There are 2 protein chains.
Amino acid sequence: MQNGISSAVIRRMPRYYRYLEELLDNGVDRISSGDLSKSMHITASQIRQDLNNFGGFGQQGYGYNVKYLHDEIGKILGLDQRHNIIVIGVGNLGQAISNYVNFDPLGFHMVGLFDVNPALKGKEIRDIPIRMIDELPEFLENHQVDIAALTLPKEKAKEAADLVLSFGVKAIWNFALVDLDVPDDVVVENVHLSDSLMRLSYDISRKNPKEDS
Amino acid sequence: MQNGISSAVIRRMPRYYRYLEELLDNGVDRISSGDLSKSMHITASQIRQDLNNFGGFGQQGYGYNVKYLHDEIGKILGLDQRHNIIVIGVGNLGQAISNYVNFDPLGFHMVGLFDVNPALKGKEIRDIPIRMIDELPEFLENHQVDIAALTLPKEKAKEAADLVLSFGVKAIWNFALVDLDVPDDVVVENVHLSDSLMRLSYDISRKNPKEDS
């Protein structure tokens, strides 16, 4: 596998994938790095550099084969694998994620929903019943779960993380505002909404400096 | 204002802020970069480097004054300013954001909620009424809006962005899976959930390479 690829490059890969998917949907077979550059607002040399991290894909003068590049980037991103997801915490955010239909075509499938609220017990989201959290251990014993999405308050997130890790889940999609300590073979992707707002606020003050008055 | 600070540094600043806030809450007045390093799992030299981008804050041998560092990072992040937010699209995700009580202490305040669904008209989230989207222009004329959160389908996100920009809103918190073209003086912070899942999936395949069998 590739190593030492900067996180900035990795952050751009899903965007490439989305653009190439759109091109495919629009029946585009081949695209030059110049045209890709224009539509993505990334310099052509940046695109070449990014893709060279994974061995290239372009033939000088012929541009990129859209289908091939799309599929190869998909493989790099692991989208050729099925990923089963459980959602722990079925509040607004957990419901939003569970209802999101765009994950399935990417190979991400919700297989279980868990909450502590008895009022939610037995309700369904897209045919998946909401189970109580005490049913989680048995569920994990009997189902292949690749990713646990934690959409619950931060006080409870660590406990939930420990539980799923003890059953061999190796990936956590963490929406709780807490940094999880996990073993080396476990991956965590954080979606911290207030961090995101703070970055936005940083950009706002940089663009519109406060006047000293 | 500071320029040329790498986005990796900026991405870490909200985390520093959160940690320092926790220290403050726990009554810690002063912390060495070594101790901060241990609790944040960032090397002490990285911390010094990061903070040097903004002029330092540490006195050799005395560690950091937690309150001072917290407040200064807050200013860097623009948290000393009030930010009014409107949410366009009050589905599950929009509701999740609107209900999130942790934004207020950071100076981010929801002031308006908009949707196209007549069934939502007049309902309230934390005392803010949900308005119909055709009331948005009048609202923008009469209220200070600093940030528009777009939590609506991507087909409608561009149109909504154009509308708020035409009324002088300079910052967009974009949850729609579309890359927005905006003028230079406008900032966009994207929260693309499926991109996030793809990065997680990339990390999963890197840690657990497929066996060739």
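**Figure 1. Asp179(B), a buried residue in a pair that joins two chains.** Let us start with Asp179(B), which is buried at a relative accessible area of 15%. This is a predicted model, and here the side chain of Asp179(B) meets that of Arg15(A) in a salt bridge, at 3.1 Å from N to O. Asp179(B) sits in the loop between β8 (171-174) and β9 (187-190) of chain B, while Arg15(A) belongs to helix α1 of chain A, so the pair joins two chains. Arg15(A) is buried too, with a relative accessible area of 19%. As a general point, side chains of opposite charge can pair when their charged atoms come close.

**Figure 2. A network of salt bridges with members from both chains.** Stepping back a little from the previous view, we find Arg15(A), Arg18(A), Asp179(B) and Asp195(B) linked in a network of salt bridges. For a further pair across the chains, look at Arg18(B) and Asp195(A): their side chains meet in a salt bridge of 2.8 Å, N to O. How many salt bridges does the rule find across the interface of chain A and chain B? It finds eight across the interface of chain A and chain B, and a search of the whole structure gives 22 over all chains.

**Figure 3. The surface where chain A meets chain B.** To this contact chain A brings 68 residues and chain B brings 67. Together the two chains bury about 6,000 Å², with 61% of that area on carbon and sulfur atoms. The rule also finds 27 residue pairs in polar contact across the interface of chain A and chain B, both residues being at pLDDT 80 or more. Several elements of chain A supply at least two residues each to the side that touches chain B, including α1 (7-25), β3 (83-88), α5 (92-99) and α8 (193-207). Which element gives the most to the side of chain A that touches chain B? The answer is α8(A), with 15 residues. Sorted by class, this side of chain A has 34 nonpolar, 15 polar and 19 charged residues.

**Figure 4. How the two copies are related.** A rotation of 180°, with 0.0 Å of shift along its axis, superposes chain A on chain B at an RMSD of 0.0 Å. That is the relation of a two-fold axis. Of the interface residues of chain A, 99% are also interface residues in chain B, so the copies meet through the same surface.

**Figure 5. A salt bridge along one helix of chain B.** Here we turn to a pair inside a single chain: Lys75(B) forms a salt bridge with Glu72(B), and their closest N and O atoms are 3.1 Å apart. Both residues are in helix α4 (residues 66-76) of chain B; being three residues apart, they are separated by about one helical turn. Is Glu72(B) buried or exposed? Glu72(B) counts as buried at 19% relative accessibility, whereas Lys75(B) is partly exposed, with a relative accessible area of 45%.

**Figure 6. A salt bridge between two loops of chain B.** In our last view, Asp104(B) forms a salt bridge with Arg126(B), with 3.1 Å between the closest N and O atoms. Asp104(B) lies in the loop between α5 (92-99) and β4 (108-115), and Arg126(B) in the loop between β5 (124-125) and β6 (128-132), so the pair ties together parts of chain B that are 22 residues apart in sequence. Asp104(B) counts as partly exposed at 25% relative accessibility, and Arg126(B) is partly exposed with a relative accessible area of 35%.

Conventions: Residues are numbered from 1 along each chain as its sequence is written. Chains are lettered from A and ligands numbered from 1 in the order in which they are written. This is a predicted model: local features need pLDDT of at least 70, side-chain atom pairs count only at pLDDT 80 or more; totals for chains, interfaces and linings use all residues. Side-chain values use heavy atoms; hydrogens and water are left out. Contact means heavy atoms within 4.5 Å. Buried area is the accessible area (1.4 Å probe) that two parts lose on being put together, summed over both. A salt bridge is a side-chain nitrogen of Lys or Arg within 4 Å of a carboxyl oxygen of Asp or Glu. A polar contact is a pair of N or O atoms within 3.5 Å; within protein, one must be able to donate a hydrogen and the other to accept it, and residues adjacent in sequence count only if both atoms are side-chain atoms. Helices (H or I, at least four residues) and strands (E, at least two) are DSSP runs, numbered from the N terminus. Ala, Val, Leu, Ile, Met, Phe, Trp, Tyr, Cys and Pro count as nonpolar, Asp, Glu, Lys and Arg as charged, and the others, Gly among them, as polar. Copies are superposed by least squares on the C-alpha atoms of residues with pLDDT of at least 70 in both. Buried means under 20% relative accessible area, exposed over 50%, partly exposed in between (1.4 Å probe, protein chains only).
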